[in-house]
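Please find below a colleague's note on the structure shown here. The points concern backbone geometry and nonpolar packing.

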Amino acid sequence: MAEFVTVPASALVPATGLDPAFAAVLPDAGLVPYHSINADKDTLRPGSTAVIIGMGGLGQFAVELLRALTSVRIIALDVKEAALAAVRHKVDYTFVSGSSDVAEQVMEAAGDYGADFVLDLVGSSATLQLAGAVVAPYGAIRVPGLTESSSSKPPSYLPRCRGERRSLAHMAGHTRTCMTSSR
């Protein structure tokens, strides 16, 4: 690690008043969800639905970013009620992702159309299957990391989206756009 580094001034933001320990996590914890959200900003128009799976630190940053940057309906999912309680006052809906009818709950909250944007911050086979079950036609699934595979190759358990006829899948930082065909 370098003791000093040179970067363009445009790449810096002031951290005045921030605890250095807190400021140190912002480049990772804040930018991971920011890049996923920013990459699909055209999908995140007023009235659309965003689902965030995983309400740990990255998920909480994602909620804050979606609230600050968009006017979307936000649905938060986590296996822990305590994690959901931390964001309940900032989102439109919270659901325990381990419940057997969570996909139906999400679909109902999303107007039975599905989520236009799903940010899966867990990346397990169960959450990927859930993401595929709740994403809207032509919606996007973003998975910044995978927990069950260290390979850069997409896992074999990638979800199929409702009504999908062809698969466009790249995980670990890439998007999956669910497309339907009239054929």
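**Notes on backbone and core**

1. Tyr138 lies in strand E5; strands (E, at least two residues) and helices (H or I, at least four) are DSSP runs numbered from the N terminus. The phi of Tyr138 is near 65°, a positive value in a residue other than glycine. With 49% relative accessibility, Tyr138 counts as partly exposed, where buried means under 20% relative accessible area, exposed over 50%, and partly exposed in between (1.4 Å probe, protein chains only).

2. The model is predicted: local features need pLDDT of at least 70, side-chain atom pairs count only at pLDDT 80 or more, and totals for chains, interfaces and linings use all residues. Residues are numbered from 1 along each chain as its sequence is written, and side-chain values use heavy atoms, with hydrogens and water left out.

3. Asp112 is placed in the loop between H4 and E4. Its phi is also near 65°, positive in a non-glycine residue. Asp112 counts as exposed, because its relative accessibility is 59%. Most residues other than glycine have a negative phi.

4. The largest nonpolar core (buried Ala, Val, Leu, Ile, Met, Phe, Trp, Tyr and Cys residues joined through side-chain atoms within 4.5 Å) has 20 residues, of which Val51, Ile75, Leu77, Val106 and Val118 touch the most other members. Elements giving two or more residues to this core include E1 (49–53), E2 (73–78) and H4 (102–109). H4 gives the most, with 5 residues.

5. Beyond neighbours within four places in sequence, Ile75 has contacts (heavy atoms within 4.5 Å) that include Val51, Tyr93, Phe95 and Val106. A second, separate core of 19 residues includes Met55, Val63, Val72 and Leu121.
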